[in-house]
Amino acid sequence: MNQDQLKQLVGQKAVEYIKDGMQVGLGTGSTVKFMVDALGERVKNEHLNIVGVSTSERTAAQAKSLGIPMKSVDEVDHLDLTIDGADEISSDYQGVKGGGAALLFEKIVAINSDKVMWIVDESKIVDQLGAFGLPVEVIPYGSQHIFEKMVAKGYHPEFRKVDGEFVRTDSNNYIIDLHLNPITDPHALAEDLIHMVGVVEHGLFLDMVNTIIIGHEDGPEVITARP
Ligand SMILES: O=C[C@H](O)[C@H](O)[C@H](O)COP(=O)(O)O
């Protein structure tokens with residue numbers, strides 16, 4: 001199986017956890033795209049009655065095109081389950097997210113969910129976080145100064161750009177990726193980053209995930225990280 005097939009496998013497995021009547025957070029990324037496709041099939045074929053809450057404009061557009069009923073995060077009182085991808089998951093089930101620049105909405109939806117599930121192919125499982133650049137969302141105003149402060153702290157920052165242009169998030173902010181490999185103390189780093197004025201959110205998703213589905217050649221592996 002290639003990587004896309006592993007992503008499809010976990011996407012299809014994940015939607016088995018979605019039950020009638022649920023309000024479901026829909027993450028962002030190439031793995032989630034397969035999950036949303038599979039959810040669209042269930043809504044169409046089984047008349048599954050759910051409400052989706054998207055974490056990005058991309059996912060919202062896909063879900064709507066498949067006929068999945070959608071609400072904004074502020075229109076629901078809570079979410080039963082959020083299913084999202086991840087860029088890295090450590091052996092103690094901490095995560096890095098934001099490779100697709102959707103970390104802010106993803107974190108807002110995740111912290112308002114009763115349960116959080118991550119779906120990944122096996123390449124995302126690591127001993128220690130940090131090989132993947134840690135995304136940090138910053139407001140454009142003053143971002144050069146934040147950048148310099150990150151340099152001084154030894155965080156090895158890099159503005160995310162495509163074709164020489166700053167990548168903009170759905171909130172019109174910038175992303176700075178930190179090249180820290182390895183991240184030895186994720187909690188201390190998270191604490192430091194969130195207190196830097198101008199930082200909106202960072203991609204460390206700590207103590208947050210309940211269930212992880214990992215795509216392997218011989219099938220999906222379901223891990224209960226937290227009950
Ligand atoms: O901002 C994007 C998200 O955090 C994604 O969930 C993450 O980057 C994983 O995406 P993919 O499934 O495409 O590897």
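**Partial exposure at Y93, and the wider fold**

Y93 counts as partly exposed, because 19 C-beta neighbours fall inside 10 Å. The cut-off for a buried residue is 20 or more such neighbours. Y93 sits in the loop between β5 (88-89) and β6 (95-96). Its phi is positive, at about 65°, although Y93 is not a glycine. These values come from a predicted model. The protein averages a pLDDT of 98, and 100% of the residues score at least 70. The ipTM is 0.98 and the pTM is 0.98.

A positive phi also occurs at D163, a residue other than glycine, with a value near 50°. D163 is placed in the loop between β10 (161-162) and β11 (165-166). D163 counts as exposed, because it has 4 C-beta neighbours inside 10 Å. Another backbone feature is found at P182. The peptide bond from N181 to P182 is cis, with omega near 0°. P182 belongs to the loop between β12 (174-178) and α6 (186-194).

The protein is divided into two parts. Domain 1 covers 3-125 + 206-224, and domain 2 covers 134-201. Taken over C-alpha atoms, the centres of domain 1 and domain 2 are separated by 25 Å. Domain 1 gives 13 residues to the contact, and domain 2 gives 13 residues. On the side of domain 1 that touches domain 2, α4 gives the most, with four residues. This side of domain 1 comprises seven nonpolar, four polar and two charged residues.

The largest nonpolar core has 58 residues. The residues with the most contacts inside this core are A14, M35, I83, M117, W118, I119 and V136. Helix α2 contributes the largest share, six residues. Domain 1 and domain 2 both give residues to the core, so it lies between them. In soluble globular proteins, nonpolar side chains tend to be buried together.

I119 shows how one member of the core is surrounded. Neighbours within four places in sequence are left aside here. I119 is then in contact with V10, G11, A14, T31, M35, I83, G85 and I213. Among these contacts, A14, M35 and I83 are also listed with I119 as having the most contacts inside the core.

The ligand is surrounded by 17 residues. G29, T31, G85, G99 and G100 come nearest to the ligand. Two of these, T31 and G85, are also contacts of I119. Both α2 (30-46) and α4 (103-111) supply at least two residues of the shell around the ligand. Helix α2 therefore serves both the shell and the core, where its share is six residues. By class, the shell has four nonpolar, nine polar and four charged residues.

K7 offers a last example. This residue is placed in helix α1 (residues 3-14). K7 counts as buried, because it has 23 C-beta neighbours inside 10 Å. Leaving aside neighbours within four places in sequence, K7 is in contact with S30, T31, F34, D121 and G215. T31 is thus a contact of K7, a contact of I119 and one of the residues that come nearest to the ligand. K7 and E165 are 158 residues apart along the chain, and 30 Å separate their C-alpha atoms.

Conventions:
Residues are numbered from 1 along each chain as its sequence is written. This is a predicted model: local features need pLDDT of at least 70, side-chain atom pairs count only at pLDDT 80 or more; totals for chains, interfaces and linings use all residues. pLDDT is the predictor's confidence in each residue, from 0 to 100. A residue is near a molecule or strand if its C-beta atom, placed from the backbone, lies within 6 Å of it. Ala, Val, Leu, Ile, Met, Phe, Trp, Tyr, Cys and Pro count as nonpolar, Asp, Glu, Lys and Arg as charged, and the others, Gly among them, as polar. A nonpolar core is a set of buried Ala, Val, Leu, Ile, Met, Phe, Trp, Tyr and Cys residues joined through C-beta atoms within 7 Å. A residue is buried if 20 or more other C-beta atoms lie within 10 Å of its own, exposed if 12 or fewer, and partly exposed in between; C-beta atoms are placed from the backbone. Domain bounds come from an automatic or database domain assignment. Two residues are in contact if their C-beta atoms, placed from the backbone, lie within 7 Å.
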